[in-house]
Amino acid sequence: MAYAAIGFSYAARTDSKGKMTNVRAGTNALRLGDYNQQVVLEHIRTAPSVSRVEIAEHTGLTAQAISKIVRKLVEEGLVLEVGTTASSVRGGRPATELRVNPEAAYAIGVQIDRDVTTFALLDLTGAVVDKRRRTTPLSGSRASISQIATVINALLASNGISADDVLGIGVGVPGPLDPDTGIAYSPGGMAGWGTVELARLLRERTGFPVTVDNDAVAAAVGESWARQAQGVRSLLFVYASWGLGAALLLDGQVYRGATAASEFHHVPVDPQGPECECGNRGCVGEYVTPTAVVAEVRRRTPSRRRESLERPYQEICQAALDGKKTEREVLAEAARMLTLGLLGVTNVVPPDLVVLGGSAIEEAREIYAREVASGFEQRAEYFRGRGVRVDFSIAGPDVGAIGAASLVLHSTYSPRVTPIRS
């Protein structure tokens, strides 16, 4: 799904220092007041401190429009006036600095994986207030929903947060799913789930608005928030946990293509490779997922030792890092196959940044760093230095839950967009 904005544009503007900058432009039409309020709130959030005059310079809105919007934001407690600074206009009066009030509202993020469900509580600036982890129930979606509601109540109570101050719940879950309806269709690895109206059931159980999206999408949004100071607007996030997914953010918005599917797992990288359930051979997920790695290590182990090889993925990664030959070779191959898949995607739509994250990659970060960097260095040489930067998630192993909460904040800050099918 591509996105078309309601009446906004990106314009090249000059700030008070004469520097050209691409910023989100507002409109002075009163009928788009909600849109402009989000433009202003987003600009205040992303600046350490900013004045009304500076907001007007960057958004193109009139001083009168800015004054009206900021007054409303201050009255609602979303924005704080924190002091004064010298005016950027010669001879002008000192300007009042503005900042987002972090305690004005909160967002809850939940990332559901086959083994672990992670929770994150974020304030209005996107800072993490608290995190929790729980073993995912084995008995299906009803038990998971009950667990989520219980942990959320405890999370709010222990931090002294009223339900009235919660914007909503964001949930990241493996696909397939429909983010518009919040329905999950037998998500990967989730035994006993089937088709689940996840958003509706959680909303009824908790009383909060609920946003459901693919776990890779949630992680990508969370990572973009974590990197807001870097000015990254386009990134490809690869999320490897129990499964493998990827999400593409272009100009700060999630790009879905013609469908809501996120099927990086099924990008073919070797026509002679192992069979995949999708019907193809050599899909990248058949090399990278923990299940695939464990199976391949077992296959390469002499039969007399296989019975003693019932080890979890984490132990195999540690053995590889310790220099064990078979384990290291299997993970190195997984990293090379992941690199081939990434090169294919980024050659078509090159983002500013490729981010690797999720527990499966974090467990073997050293190996992935070496193999992926090598592949992308060769790409840069071929394209005369026009390479794509590759990095690991700075949001850490809980990026899925942090990102799920960021989905809620994203809809609060980001100027409204209308989904259109590409």
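**Entry 1. Cover of helix H8**

I began with what lies over the buried residues of H8, and the cover includes helix H7 (285-288), helix H10 (313-321), H11 and helix H12 (359-362). I count contact as heavy atoms within 4.5 Å. Helices (H or I, at least four residues) and strands (E, at least two) are DSSP runs, numbered from the N terminus. In H8 itself, which spans residues 290-300, I found Pro290, Ala292, Val293, Glu296 and Val297 buried. Buried means under 20% relative accessible area, exposed over 50%, and partly exposed in between, with a 1.4 Å probe and protein chains only. Seen down the axis of H8, these buried residues fall within an arc of 160°, so they line one face of the helix. The arc is that of the directions from the helix axis to the C-beta atoms.

**Entry 2. Basis and confidence**

The model is predicted: local features need pLDDT of at least 70, side-chain atom pairs count only at pLDDT 80 or more, and totals for chains, interfaces and linings use all residues. Residues are numbered from 1 along each chain as its sequence is written, and side-chain values use heavy atoms, with hydrogens and water left out.

I looked up the pLDDT, the predictor's confidence in each residue from 0 to 100. Its mean over the protein is 81, and 81% of the residues reach 70 or more. Residues 1-33 stay under 50, and the model has 88 contacts for them beyond four places in sequence. Residues 415-422 are also below 50, with 33 contacts beyond near neighbours in sequence. Where pLDDT is low, the predicted coordinates should not be read in detail.

**Entry 3. Overall counts**

I noted 14 helices and 19 strands. Of the 422 residues, 49% count as buried. Among contacts with a separation of 6 or more, 61% come from residues 24 or more positions apart.

**Entry 4. The sheet around E14**

I traced an open sheet of 5 strands in the order E16-E15-E14-E17-E18, with mixed pairing. Two strands pair if DSSP finds at least two bridges between them. Strand E16 (253-255) and strand E18 (389-392) are the edges, each pairing on one side only. The twist averages 25° from one strand to the next; axes are lines fitted to C-alpha atoms, for helices over the stretch in contact, and angles run from 0 to 180 degrees between N-to-C directions. Helix H11 (residues 325-348) packs on this sheet, where it touches strand E14 (235-240) and strand E17 (353-357), and its direction makes about 155° with that of E14.

I then followed E14 to its partners. A hairpin through 3 residues joins E14 to E15, and the two strands pair in the antiparallel sense over 6 bridges. Phe237 has Ala247 as its bridge partner in E15. E14 and E17 run parallel, joined by 5 bridges, and Leu236 has Val354 as its bridge partner in E17. Further out, strand E15 (residues 244-250) pairs with E16 in the antiparallel sense over 3 bridges.

Which residues of E14 point which way? Leu235, Phe237 and Tyr239 point one way, Leu236, Val238 and Ala240 the other way, and all are buried.

**Entry 5. The sheet around E9**

I traced another open sheet of 5 strands, with mixed pairing and the order E8-E7-E6-E9-E13. Strand E8 (128-135) and strand E13 (210-214) stand at its edges with a single partner strand each, so one side of each has no neighbour in the sheet. The twist averages 15° from one strand to the next. Strand E9 (residues 166-173) and E13 run parallel and are joined by 5 bridges; Val171 has Val212 as its bridge partner in E13. Helix H4 (residues 141-158) packs on the sheet, touching strand E6 (106-112), strand E7 (116-123), E8 and E9. Helix H6 (residues 215-226) lies across E6, E9 and E13, at about 105° to E13.

**Entry 6. Nonpolar cores**

A nonpolar core is a set of buried Ala, Val, Leu, Ile, Met, Phe, Trp, Tyr and Cys residues joined through side-chain atoms within 4.5 Å. The largest has 47 residues, and Leu235 and Phe237 of E14 are among those with the most contacts inside it. Helix H14 (residues 399-413) gives the most to this core, with 8 residues. Beyond its neighbours within four places in sequence, Phe237 is in contact with residues including Ala219, Ala247, Val355 and Val399. A second, separate core of 37 residues includes Val293, Tyr313, Leu338 and Val372.
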